[in-house]
Amino acid sequence: MKNLLIISLSLLFLISCEVAQSKNIYSPPTNKTKPIENFFYYSDLNSLEIIKNKIKKILIINDDNIKNIKSTEISNFIDCGYMNEEIYVDYINRIFDSSLSIKIIFSDKKLNDKDVAFVNFDYTFKSKETGTTWRFSTGKSKDLLVGNPIYDDNPYRECSSTQKIESNLKNVLEYQL
């Protein structure tokens with residue numbers, strides 16, 4: 001009788017600890033934006049530095065070539081889909097707090113015997129509590145395996161740029177320089 005009571009209590013304990021199936025549903029980003037090619041011609045190294053500094057000033061990029069985004073504005077810059085009806089980036093921020101930094105990268109090349117500087121951006125989106133980090137670049141999405149996926153769901157989350165900062169740069173190149 002004592003063994004039956006112990007077995008019954010053990011089963012009750014195991015059943016009560018069972019994880020219930022989650023009702024959350026993750027949906028990946030649906031808007032695949034075409035990458036914006038951002039480049040400019042320059043005549044000499046001095047003019048190149050002047051243009052780089054002007055771009056960084058207008059886009060509010062610090063001396064380390066980094067733009068830190070307020071957590072409430074992250075979803076304006078990256079798209080990681082939805083968790084149920086909530087923007088996934090906002091979901092991560094609400095549950096875990098998050099950060100986004102965008103690094104500007106200038107690369108110099110020759111194109112038709114002219115000096116050209118190409119501008120790209122590297123994104124680092126991070127869940128502050130879990131440490132889960134997405135790193136991706138302009139025009140290239142990133143799939144990341146999450147540590148605690150929704151029960152019986154795809155454990156990958158896709159993130160990509162919304163092309164907001166790239167569009168801002170394009171406007172700088174077209175109208176400010």
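In this predicted model, Cys80 and Cys159 form a disulfide, with 1.9 Å between their sulfur atoms. A search of the whole structure finds one such bond. Distant parts of the chain are linked by the pair: Cys80 lies in the loop between strand S4 (78–79) and strand S5 (82–83), whereas Cys159 belongs to strand S11 (residues 156–161), and the two cysteines are 79 residues apart. The torsion about the S-S bond of Cys80 and Cys159 is about 115°, and the disulfide is therefore right-handed. Cys80 and Cys159 are both buried.

Strand S11, which holds Cys159, is also part of an open sheet of three strands. The order in this sheet is S4-S11-S10, and the pairing is antiparallel. S4 and strand S10 (142–145) stand at the edges; each has a single partner strand, so one side of each is left without a neighbour in the sheet. Four bridges join S10 and S11 in the antiparallel sense. Leu144 is placed opposite Arg157 of S11. The loop with Cys80 follows S4, between that strand and S5.

A nonpolar patch is found on the surface, formed by Phe39, Tyr41 and Leu111. Together these residues have about 260 Å² of accessible area. Leu111 is located in strand S7 (residues 98–111). The relative accessibility of Leu111 is 33%, so this residue counts as partly exposed, while Cys80 and Cys159 of the disulfide are buried.

Methods
Residues are numbered from 1 along each chain as its sequence is written. This is a predicted model: local features need pLDDT of at least 70, side-chain atom pairs count only at pLDDT 80 or more; totals for chains, interfaces and linings use all residues. Side-chain values use heavy atoms; hydrogens and water are left out. A disulfide is a pair of cysteine sulfur atoms within 2.5 Å. Buried means under 20% relative accessible area, exposed over 50%, partly exposed in between (1.4 Å probe, protein chains only). Two strands pair if DSSP finds at least two bridges between them. Patches are made of residues with over 30% relative accessible area and no salt bridge: like charges are joined within 9 Å, nonpolar side chains (Val, Leu, Ile, Met, Phe, Trp, Tyr) within 5 Å. Accessible areas come from the Shrake-Rupley method with a 1.4 Å probe; for residues, only the protein chains shown count as cover. A salt bridge is a side-chain nitrogen of Lys or Arg within 4 Å of a carboxyl oxygen of Asp or Glu.
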